[in-house]
Amino acid sequence: MVTAAQLSICHVPMTRLSFTPTNSLRLSSFSSSLSLQWKLIKPDLTLKTPNFCVSASSSMRIEAPESTSRPSFLDRRESGFLRFVKYHGLGNDFILITPEQAVKLCDRNFGIGADGLIFAMPGINGTDYTMRIFNSDGSEPEMCGNGMRCFARFIAELENLHGRQSFTVHTGAGLIVPEIQDDGKVKVDMGEPILKASEVPTRLPANKDQSVVKSELDVDGVTWNVTCVSIGNPHCVTFGTKGGQKLQVDALNIAEIGPKFEHDSMFPARTNTEFVEIISPSHLKMRVWERGAGATLACGTGACAVVVAAILEGHANRVSLKSALLSAFFLLTKRKHVFISHFDMLCKTELHS
Ligand SMILES: N[C@@H](CCC[C@H](N)C(=O)O)C(=O)O
């Protein structure tokens, strides 16, 4: 279930970027605001800038967002406090804020703590909204599956939308149309997976059809079999080493091996990496090392990439994440699209081909 946490953050009135809670997302000065505030955050017990302080005190509480007749939960504020909202999709967590509050707060010890920071912005190219996401290292990925599900819920809360809804969202990976179901859960058509090596992108030698499927990648003297897929963002999926034992993902030192994949010269844009254990032909287990965010509990684009790679390598059609909260499967139909959706503690990934 996607839940929300609210963190009260001590706010000292800002000279340049004062925050005015609003329902409107029509804002134009976001880019310059972001670059200004990005530099202001320094890890310290209490973060202080001339404009802003984040107190690591006991002011955090977790609560479900209320559904009231009030116009927006962002409008509810106590004097001297700003409300930030944090959502997670299966533990893959994000701070959702409006551009006026553009501050990097992903630090787990001295900020709110999150895998990424998402900006809900005005739509461009005729879309309803634009989603920009920043990894916890400050890099900007093209797309984020769980982030898009959280984004859709955030927009629904912000705009007081109820029932079945869908809207168009511009992302770095193009147009995405999340669908909020009647029960509030969000399904996202993640589009057609990209397999062409140069577009993933990867420098690994491609097969005749230009894809990199079950290819060899040397990492620290060990040869891994990998399949490279872009779900708008780059993924390297491995089911194990060449001629090695079946991968046992719980035993993997992901903090050691993950960065080596991420920064391998074969991946000019770095890569997200999914390590996958074949539990049975109908059940896969995955751990992910995310580009720019490290080990996370779940990854929507990663789950889609694993499903695609499993099909291409002929392994299986079900995926479960280490968090044990996620089980994914695919369906084959006429459109070659992958979908994620959320059913209580189940995240469904489907490949429509
Ligand atoms: N966790 C996300 C992916 C976030 C972006 C990723 N770290 C990247 O840099 O591509 C998901 O749910 O898809």
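In this predicted model, the side chain of N135 offers an N or O atom that lies 2.9 Å from an oxygen atom of the ligand. The side chain of N272 is placed in a comparable role, with one of its N or O atoms 2.9 Å from a ligand oxygen. N146 takes part through its backbone: a backbone N or O atom of this residue is found 2.9 Å from an oxygen atom of the ligand. The surroundings leave little of the ligand uncovered, for the protein buries 99% of the 370 Å² that the ligand exposes when taken alone.

Where, then, does the ligand sit? Its place is the largest cavity. The shell around the ligand counts 14 residues, and those that come nearest are G145, E290, R291, G300 and T301. Sorted by class, this shell is made up of eight polar, four nonpolar and two charged residues. Two helices can be picked out along the chain as contributors: helix 2, which spans residues 145-158, and helix 4, which spans 300-313, each provide at least two residues of the shell.

Attention can now turn to the aromatic side chains. Across the whole structure, a search finds six aromatic pairs. One of them joins W224 and F261, whose ring centres are 5.3 Å apart; because the planes meet at 80°, above the 60 degrees needed, the pair is edge-to-face. W224 belongs to strand 15 (residues 222-230) and F261 to helix 3 (residues 254-262), so this pair ties together parts that are 37 residues apart in sequence.

Two details of the backbone are also worth a look. Which peptide bond is cis? It is the bond from V200 to P201, with omega near 0°. P201 itself is found in a loop, the one between strand 13 (186-189) and strand 14 (215-219). The other detail concerns N125, a residue other than glycine that nevertheless has a positive phi, near 55°. N125 is likewise placed in a loop, here the one that runs between strand 7 (116-122) and strand 8 (129-135). The end of strand 8 leads back to the starting point of this description, since residue 135 closes that strand and the side chain of N135 has an N or O atom 2.9 Å from an oxygen atom of the ligand.

How values were computed
Residues are numbered from 1 along each chain as its sequence is written. This is a predicted model: local features need pLDDT of at least 70, side-chain atom pairs count only at pLDDT 80 or more; totals for chains, interfaces and linings use all residues. Side-chain values use heavy atoms; hydrogens and water are left out. A residue is near a molecule or strand if one of its heavy atoms lies within 4 Å of it. A polar contact is a pair of N or O atoms within 3.5 Å; within protein, one must be able to donate a hydrogen and the other to accept it, and residues adjacent in sequence count only if both atoms are side-chain atoms. Accessible areas come from the Shrake-Rupley method with a 1.4 Å probe; for residues, only the protein chains shown count as cover. On a 1 Å grid over the protein atoms alone, a cavity is a set of points where a 1.4 Å probe fits but cannot get out, and a pocket is an open set with protein on both sides within 12 Å along at least five of seven lines; lining residues have an atom within 4 Å of a point. A molecule sits in a cavity or pocket if more than half of its atoms lie within 2 Å of its grid points. Helices (H or I, at least four residues) and strands (E, at least two) are DSSP runs, numbered from the N terminus. Ala, Val, Leu, Ile, Met, Phe, Trp, Tyr, Cys and Pro count as nonpolar, Asp, Glu, Lys and Arg as charged, and the others, Gly among them, as polar. Rings of Phe, Tyr and Trp (its six-membered ring) pair if their centres lie within 6.5 Å; planes under 30 degrees apart count as stacked, over 60 as edge-to-face and the rest as tilted.
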